[in-house]
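Colleague: Could you take me through the disulfides of this model? I'd love a close look at how the cysteines pair up and what surrounds them.

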Amino acid sequence: MRLTALAALVLAGACSAAAPTDPATSDMAAGEARAITARGRAIDGDTVSIDIRLSGADAFERRQLCRGNAGCWQCGKAAQDLAARALKSGNAVIRLTGTASYGRPVGIVTIEGRDLGETMIAAGLAVPVTGYLNNDPARARRYVIAYNGAVLSRAGAHAGSFIEPARWRRGERLSCEARGSPRPPRSSRPPGK
């Protein structure tokens with residue numbers, strides 16, 4: 001999942017709120033600053049942000065549509081909105097996994113102890129990509145369980161049909177996303193919500 005504007009909120013909030021006694025910054029308290037390489041952007045003159053991709057969870061892209069009984073809806077925007085609400089609900093801890101995807105660092109994001117990737121998957125707004133979690137089999141199992149629960153309860157995109165985010169990024173589209181098709185409804189809420 002690409003956390004563009006979303007990561008700005010996480011990192012701006014998490015970095016500005018972190019104190020030397022915060023477990024997420026304990027290395028810095030001991031004088032060992034950790035460096036990551038990432039593309040950054042300025043929020044203002046003294047605040048920068050970077051993009052972090054979620055490890056093992058691939059959410060619908062911001063402009064992606066999914067199909068429900070009432071037609072197509074903005075599942076990508078719904079994914080972005082859910083992630084934004086989750087990030088606003090508490091302090092985020094980002095644990096980098098040491099891999100990179102699409103030129104961005106990859107990590108596990110937890111908010112007040114809740115795994116953001118698992119939350120997105122359980123809501124039917126992301127799919128698990130457990131191949132990236134080979135070193136974390138417990139998390140991979142939780143992601144698969146969350147996915148199966150979302151399918152059974154017809155949560156989010158599972159209430160209809162969708163194209164997996166990776167295939168969507170390669171250019172595959174639902175018929176309602178084709179050029180010249182009517183504009184989708186403005187709602188980013190999943191069907192039935």
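Modeller: Happy to; here are the disulfides, followed by a core that one of their cysteines joins. Do bear in mind that this is a predicted model, where local features need pLDDT of at least 70, side-chain atom pairs count only at pLDDT 80 or more, and totals for chains, interfaces and linings use all residues. Residues are numbered from 1 along each chain as its sequence is written, and side-chain values use heavy atoms, with hydrogens and water left out.

The structure has two disulfides, a disulfide being a pair of cysteine sulfur atoms within 2.5 Å. Counting bonded cysteines along the chain, the pattern is 1-3, 2-4. Cys66 pairs with Cys75, with 2.2 Å between their sulfur atoms. The torsion about their S-S bond is about 75 degrees, so the Cys66 and Cys75 disulfide is right-handed. Both Cys66 and Cys75 are buried, meaning under 20% relative accessible area with a 1.4 Å probe, protein chains only.

In the other pair, the sulfur atoms of Cys72 and Cys176 are 1.8 Å apart. Here the torsion is about -90 degrees, so the disulfide of Cys72 and Cys176 is left-handed. Cys72 sits in strand β7 (residues 71-73) and Cys176 in the segment after α6 (165-169), so this pair ties together parts 104 residues apart in sequence. Strands (E, at least two residues) and helices (H or I, at least four) are DSSP runs, numbered from the N terminus. Cys72 and Cys176 are buried too.

Key:
Buried < 20%, exposed > 50% of the residue type's maximum accessible area, 1.4 Å probe, protein only.
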